[in-house]
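Visitor: I am new to this structure and would like a close look at a single part of it. Please choose one helix and show me how it sits among its neighbours.

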Amino acid sequence: GGCAGGAAPSVAPAVVIPVPGPYRHFPGKTAVLAEMLLRISQQLVDEGSRAVMAAADAPAALDALVREHIDFALGQPALITVHDRELGNVPEADRRRIRRLQRLYVEEWVTVLSELFPQSPQARLRAATHATFGLLNSTPHSADEMDAAEMAELLRTMAHATLRAAAMPADAPPAGATGRVAGRACACGARRARTRGATVDPGAAVYSQHATSGGSAASIRGS
């Protein structure tokens with residue numbers, strides 16, 4: 001349940017605030033929540049942007065986003081729980097700031113997906129992104145019985161399967177156009193400098209293989 005009118009949740013370990021007494025830094029428990037959720041939302045935006053900027057192409061950028069989010073979800077499951085339970089108790093102005101940051105983060109994913117699947121409507125790609133977040137953010141309930149590395153790989157495989165399901169059949173390039181599609185720079189490159197010599201994960205490269213082969217979305221191997 002929410003913390004309004006009740007005891008504040010245990011948030012000190014989730015934010016980098018010296019203990020004892022995080023409350024001495026903030027006017028009240030809702031301010032602690034707001035600071036915590038703003039900080040992690042900004043962190044996701046910043047790390048997502050850096051991951052995309054460092055990627056050589058769209059397949060590598062998507063895999064980097066997936067890996068970064070998995071690192072967060074496995075490393076901070078308590079934050080996910082607090083967000084789900086307590087966001088409604090954050091002051092409205094702070095809640096709007098949190099939501100704005102979250103929208104920016106979603107659009108980072110949608111931009112990359114739009115490059116991979118240019119014929120798929122952005123609403124479809126956005127829905128797939130939110131569905132993927134639901135999957136990855138299941139760690140407070142799903143990650144208890146598996147080794148962290150094994151769980152990370154399972155989440156990565158499932159996330160890519162969810163995202164490639166967003167591809168429309170029209171995303172298969174027409175005959176004779178494969179060279180143009182394969183050679184096109186990632187659209188997100190307008191916001192970043194392409195990294196020379198970057199290592200592309202073999203799993204992520206199946207998206208490039210799809211673009212050059214003209215295969216259907218269903219033919220893309222799980223990445």
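Guide: What follows is a walk around helix H5, with the rest of the chain as its setting.

A word of care comes before the details, since this is a predicted model. The mean pLDDT of the protein chain is 74, and 63% of its residues reach 70 or more. Confidence is highest in H2, at 97, and lowest in helix H8 (residues 178-183), at a mean of 34. At the start of the chain, residues 1-26 stay under 50 in pLDDT, although the model has 41 contacts for them beyond four places in sequence. Residues 189-223 also stay under 50, and for this stretch the model has 70 contacts beyond four places in sequence. Where pLDDT is low, the predicted coordinates should not be read in detail.

The protein chain contains nine helices and zero strands. Of its 223 residues, 42% count as buried, and the chain exposes about 11,200 Å², of which carbon and sulfur atoms supply 55%. When contacts between residues at least 6 apart in sequence are considered, 74% of them join residues at least 24 apart.

Now to H5 itself, which covers residues 122-136 and is among the helices that give two or more residues to the largest nonpolar core. Its 15 residues should span 21 Å at 1.5 Å a residue, and because its end C-alpha atoms are 21 Å apart, the expected and modelled spans agree. The buried residues of H5 are Leu 125, Ala 128, Thr 129, Thr 132, Phe 133, Leu 135 and Leu 136. Around the axis they cover an arc of only 155°, so they lie on the same side of H5. The cover over these buried residues includes H2, H4, helix H6 (139-142) and H7.

Thr 132, found in helix H5, lets us look at this buried side through one residue. Its relative accessible area is 0%, and because buried means under 20%, Thr 132 counts as buried. Apart from neighbours within four places in sequence, Thr 132 is in contact with Trp 109, Ala 159, Thr 162 and Leu 163. Two of these partners, Trp 109 and Leu 163, are named together with Leu 62, Val 90 and Val 112 as the residues that touch the most other members of the 46-residue largest nonpolar core. Besides H5, the helices that give two or more residues to this core are H1 (29-54), H2 (58-75), H3 (77-86), H4 (92-116) and H7 (148-164).

Leu 136, another of the buried residues of H5, leads across to H2. Ile 70, which lies in helix H2, is in contact with Leu 136, Ala 152, Leu 155 and Arg 156 once its neighbours within four places in sequence are left aside. With a relative accessibility of 3%, Ile 70 counts as buried. Ile 70 and Ala 159 stand 89 residues apart in sequence, while their C-alpha atoms are 9.5 Å apart in space.

Asp 71 also lies in helix H2, but Asp 71 is exposed, with a relative accessible area of 54%. The C-alpha atoms of Asp 71 and Ala 148 are separated by 9.8 Å, and these two residues are 77 apart along the chain.

Notes. Residues are numbered from 1 along each chain as its sequence is written. This is a predicted model: local features need pLDDT of at least 70, side-chain atom pairs count only at pLDDT 80 or more; totals for chains, interfaces and linings use all residues. Side-chain values use heavy atoms; hydrogens and water are left out. A nonpolar core is a set of buried Ala, Val, Leu, Ile, Met, Phe, Trp, Tyr and Cys residues joined through side-chain atoms within 4.5 Å. Buried means under 20% relative accessible area, exposed over 50%, partly exposed in between (1.4 Å probe, protein chains only). Helices (H or I, at least four residues) and strands (E, at least two) are DSSP runs, numbered from the N terminus. Contact means heavy atoms within 4.5 Å. Accessible areas come from the Shrake-Rupley method with a 1.4 Å probe; for residues, only the protein chains shown count as cover. pLDDT is the predictor's confidence in each residue, from 0 to 100. The expected span of a helix is 1.5 Å times one less than its number of residues. The arc is that of the directions from the helix axis to the C-beta atoms.
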